[in-house]
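Student: I should like a close look at one part of this model, the metal site and its surroundings. Please describe it in a connected account and then place it within the wider structure.

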Amino acid sequence: MKSNATEEQVDAIVRSAREEGLEATAKTRFGEKVVEIPNGQMLDPVTLKAMPGVERTEQSIRRCVRVSRAAKAENSLVHVRDVTFGGKELVMIAGPCAVESPEQLLEAMHAVKAAGAHMLRGGAYKLRTSPYSFQGLGESALKLLADARDRSGLPIVSEVVDEESVLLASMYVDMLQIGARNMQNYVLLKQAAHSGKPILLKRGVAATLEEFLNAAEYIYAEGNEQVVLCERGVRGFADYSRNTLDLNVVPAVKEYSHLPIITDPSHGTGMRSMVIPMARASIAAGADGVMVEMHPSPETALSDGYQSLHPEELEAMMVELARIAPVVGRILKRRG
Ligand code: PEP
Ligand code: MN
């Protein structure tokens, strides 16, 4: 409602909703007079908007409060050391699926640096489909990541999977990743939030937009507002790719939330040949950045080699995305 809307005008909205059989409640939310109408999408927004005292109508996602656009109109910025997500500048994260050895990580670090990407990724705790697959090096990987950050200046993101890894990773890395498999592990979300570190929250393979945003809401509710969302592909019926990168969710998130969103076309496609095309599409769709897997020697990688870029492909991708960025009002600056 307009700030000068009268009681009668507010009552008229409530009454007209009730006439349609909908429960409406008048309340004050973040200092604004609002009328909340569950299932209000059944009302015609044009008619509603024309009623006296109405400033605007918004369709909100059920139960998500702090992360919704209704709570905050301007885009949120998330800072990870000297890197900022959600501004005009795009953020590129690259690195191996898993940290495998000191040599492998240093080579990857040099390649990320040479390509001008902004952050280095690398898994220390891997949640693998098979219990017999490589499970990650744990704390020793975190130490290697911290060392790579100290050598290169690249901020580090790495996945956490439980309370112990949250505590350890918080000592070594700059941003904690919650993986797709854990998006609805609410205990873990709270523990990660309490670390005070910025969080990269990946979407579950079958999560709705409402579930995705409410997972972020859990982190916000614990007082941590440094959340970046990541679309990493959903499960569909495609038999030509591992997952389907759901790019529709990028503009949907932008409409319903003020949080930054990046994409992960590596897990989103599962095939190296599709990674760069879908990275291009992500930027065109309005994503705030891209995270890709890159390995100095993908053929010998211990995990996800088939979807990891070669170092020279990362370089080529950076050049292409830098050309697309201005078309959609963004910039991609190489990190010096
Ligand atoms: C990853 O980024 O290494 C990863 C395991 O991703 P996801 O949780 O999206 O599968
Ligand atoms: Mn991976």
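Tutor: The account below begins at the metal site, moves to the ligand beside it, and then turns to the loops and helices.

The model is a predicted one, and each value given here is computed from it.

The manganese ion (ligand 2) has four kinds of protein donor atom to consider: Cys97 through SG, His267 through NE2, Glu293 through OE and Asp304 through OD. These donors lie 2.0 to 2.4 Å from the ion. Along the sequence, the donor residues follow the spacing C-x169-H-x25-E-x10-D. Two of them show how distant parts of the chain are linked: cysteine 97 sits in the loop between strand S5 (91-95) and H3, whereas glutamate 293 belongs to strand S12 (residues 289-293), and 196 residues separate the pair.

Burial can be given for three of the donor residues. Cysteine 97 has a relative accessible area of 3% and is therefore buried, since the limit for that class is under 20%. Glutamate 293, at 0% relative accessibility, is buried as well. Aspartate 304 has a relative accessible area of 6%, so this residue also counts as buried.

Aspartate 304 deserves a further remark on its backbone. The residue is placed in the loop between S12 and H11, and its phi is near 55°, a positive value in a residue other than glycine. Its backbone oxygen is reached by the side chain of serine 308 at 2.8 Å. Serine 308 is found in the loop between S12 and helix H11 (311-324) and is buried, with a relative accessible area of 1%. Leaving out residues up to four places away in sequence, serine 308 touches Arg272, Glu293, Met294, His295 and Pro298. The metal donor Glu293 is thus one of the residues that serine 308 touches.

Ligand 1 shares residues with this site. The residues around ligand 1 are Arg121, Lys126, Glu159, Gln177, Gly179, Ala180, Arg181, Lys202, Arg232, His267 and Glu293; among them, His267 and Glu293 are also donors to the manganese ion. Polar contacts to ligand 1 include several made by its oxygen atoms. One such atom is 2.9 Å from an N or O atom in the side chain of glutamine 177. An oxygen atom is 2.8 Å from a polar backbone atom of alanine 180. For lysine 202, an oxygen atom of the ligand is 2.9 Å from an N or O atom in the side chain.

Lysine 202 leads to methionine 183, with which it is in contact. Methionine 183 lies in the loop between strand S8 (175-178) and helix H6 (186-194) and is buried, with a relative accessible area of 1%. Beyond its neighbours within four places in sequence, its contacts include Ile178, Leu189, Leu201, Arg203, Phe212 and Ala215.

Helix H4 (residues 139-152) may be considered next. Its 14 residues reach 20 Å from the first C-alpha to the last, close to the 20 Å expected at 1.5 Å a residue. Buried in H4 are Ala141, Leu142, Leu145, Ala146, Ala148, Arg149 and Ser152. Seen down the axis, these buried residues fall within an arc of 160°, so they line one face of the helix. Asp150 and Arg151, on the other side of H4, are exposed. The cover over the buried residues includes helix H3 (102-115), strand S6 (119-121), strand S7 (156-160) and helix H5 (163-172). Strands S6 and S7 hold Arg121 and Glu159 respectively, and both residues are around ligand 1. Just after H4, glycine 153 takes a positive phi of about 80°.

Helix H1 (residues 7-19) has 13 residues, which should span 18 Å at 1.5 Å a residue, and its end C-alpha atoms are indeed 18 Å apart. Its buried residues are Val10, Ile13, Val14, Ser16 and Ala17. They cover an arc of only 165° around the axis, which puts them on the same side of H1. The face turned away from that side carries the exposed residues Glu7, Glu8 and Glu19. The buried residues of H1 pack against strand S1 (25-29), strand S2 (32-36) and helix H2 (45-49). Glycine 21, which follows H1, has a positive phi near 85°.

Terms used: Residues are numbered from 1 along each chain as its sequence is written. Chains are lettered from A and ligands numbered from 1 in the order in which they are written. This is a predicted model: local features need pLDDT of at least 70, side-chain atom pairs count only at pLDDT 80 or more; totals for chains, interfaces and linings use all residues. Side-chain values use heavy atoms; hydrogens and water are left out. Helices (H or I, at least four residues) and strands (E, at least two) are DSSP runs, numbered from the N terminus. The expected span of a helix is 1.5 Å times one less than its number of residues. Buried means under 20% relative accessible area, exposed over 50%, partly exposed in between (1.4 Å probe, protein chains only). The arc is that of the directions from the helix axis to the C-beta atoms. Contact means heavy atoms within 4.5 Å. Donors are N, O and S atoms within 2.8 Å of the metal (3.2 Å for Na, K and Ca); water is not among the atoms, so sites may look incomplete. A residue is near a molecule or strand if one of its heavy atoms lies within 4 Å of it. A polar contact is a pair of N or O atoms within 3.5 Å; within protein, one must be able to donate a hydrogen and the other to accept it, and residues adjacent in sequence count only if both atoms are side-chain atoms.
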